[in-house]
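Here are some short exercises to work through with the model open beside you. Try each task before you read its solution.

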Amino acid sequence: MELRITGRNFEVLDAVKDYAEKRISPIERFFGKILDAQLILSKEKSKYNAELICKVARSKLLAKSSASDINSAIDDVSHKMERQIKELKEKIKEKKFSRNIEM
């Protein structure tokens, strides 16, 4: 999985990039078919927004979060994406299982 980090309205420091990679890279262990991931960080007044877009084989998953601290926003968006990936994985398993039963 390739992770691209983009900052809007501020420059993303190396410490923030390292933290984001540390928090988001374990997502791949839940579902190994993630082709690309893009993290967009932005700042509006006193809030930080994080938006994570993951491209999976046939779909895109999107998670958004905002918090007063950039690390909290990254944590929250990674948890949301983990939940979405787990749901997608279960949906794929159920679809394969139902297809085997019908035959």
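**Exercise 1.** Work out whether K80 is buried, partly exposed or exposed, then find its salt-bridge partner.

*Solution.* Step one: get the relative accessibility of K80, which is 27%. Step two: compare it with the cut-offs, where buried means under 20% and exposed means over 50%. K80 therefore counts as partly exposed. Keep in mind that this is a predicted model. Step three: look for the partner, and you'll find that the side chain of K80 meets that of D76 in a salt bridge, at 3.9 Å from N to O. That sits within the 4 Å allowed for a salt bridge. Step four: place the pair. Both D76 and K80 belong to helix α3, four residues apart, or about one turn of the helix. D76 has 30% relative accessibility, so this residue is partly exposed too.

**Exercise 2.** Count the salt bridges in the chain, and say which parts of the chain the others tie together.

*Solution.* The count comes to three. D76 with K80 is one of them, so on to the others.

- Start with R4 and D36: their closest N and O atoms are 2.5 Å apart. This pair links distant parts of the chain, with R4 in strand β1 (residues 2-8) and D36 in strand β2 (residues 34-44), 32 residues apart. Now check accessibility: D36 is buried because its value is 13%, while R4, at 33%, is partly exposed.
- Then take R23 and D75, another salt bridge, with 2.8 Å between the closest N and O atoms. R23 is in helix α1 (residues 14-24) and D75 in helix α3, so here the bridge ties together parts 52 residues apart in sequence. R23 comes out as partly exposed, with a relative accessibility of 23%.

**Exercise 3.** Lay out the fold as a string of helices and strands, then describe the chain as a whole.

*Solution.* First, count the elements: three helices and four strands. Next, read along the sequence, and the pattern comes out as β-α-α-β-β-β-α. For overall dimensions, take the principal axes: the C-alpha atoms fill a box of roughly 55 × 20 × 20 Å. The chain has 103 residues, and 35% of them are buried. Its accessible surface is about 7,000 Å², with 47% of that belonging to carbon and sulfur atoms. Finally, look at contacts with a separation of 6 or more: residues 24 or more positions apart account for 48% of them.

**Exercise 4.** Pick out V77 and decide whether it is buried or exposed, then list what it touches beyond its sequence neighbours.

*Solution.* Begin with location: V77 is in helix α3. Its relative accessibility is 0%, so V77 counts as buried. Now set aside the neighbours within four places in sequence. What's left in contact with V77 is L39, A50, E51, L52, A63, K64 and S65. For a distance check, try S46, which is 31 residues away along the chain: its C-alpha atom and that of V77 are separated by 18 Å.

**Exercise 5.** Inspect the backbone at N9 and K45, and say what sets their phi angles apart from the usual case.

*Solution.* Start from the rule of thumb: most residues other than glycine have a negative phi. N9 isn't a glycine, yet its phi is positive, at about 70°. K45 isn't a glycine either, and its phi is positive at about 55°. Where do they sit? N9 is in the loop between β1 and α1, and K45 is in the loop between β2 and β3 (47-56). As for accessibility, N9 is exposed because its relative accessible area is 66%. K45 is exposed as well, with a value of 82%.

**Exercise 6.** Locate the largest pocket and characterise its lining.

*Solution.* Take the volume to begin with: about 400 Å³. The lining has 12 residues, and those closest to the centre of the pocket are A57, R58, L88, I92 and K95. Which element gives the most to the lining? That's helix α3 (residues 70-102), with six residues. Last, sort the lining by chemistry: five residues are nonpolar, one is polar and six are charged.

Methods:
Residues are numbered from 1 along each chain as its sequence is written. This is a predicted model: local features need pLDDT of at least 70, side-chain atom pairs count only at pLDDT 80 or more; totals for chains, interfaces and linings use all residues. Side-chain values use heavy atoms; hydrogens and water are left out. On a 1 Å grid over the protein atoms alone, a cavity is a set of points where a 1.4 Å probe fits but cannot get out, and a pocket is an open set with protein on both sides within 12 Å along at least five of seven lines; lining residues have an atom within 4 Å of a point. Grid points are joined across faces, edges and corners, and a volume is the space filled by probe spheres set on the points. Helices (H or I, at least four residues) and strands (E, at least two) are DSSP runs, numbered from the N terminus. Ala, Val, Leu, Ile, Met, Phe, Trp, Tyr, Cys and Pro count as nonpolar, Asp, Glu, Lys and Arg as charged, and the others, Gly among them, as polar. Buried means under 20% relative accessible area, exposed over 50%, partly exposed in between (1.4 Å probe, protein chains only). Contact means heavy atoms within 4.5 Å. Accessible areas come from the Shrake-Rupley method with a 1.4 Å probe; for residues, only the protein chains shown count as cover.
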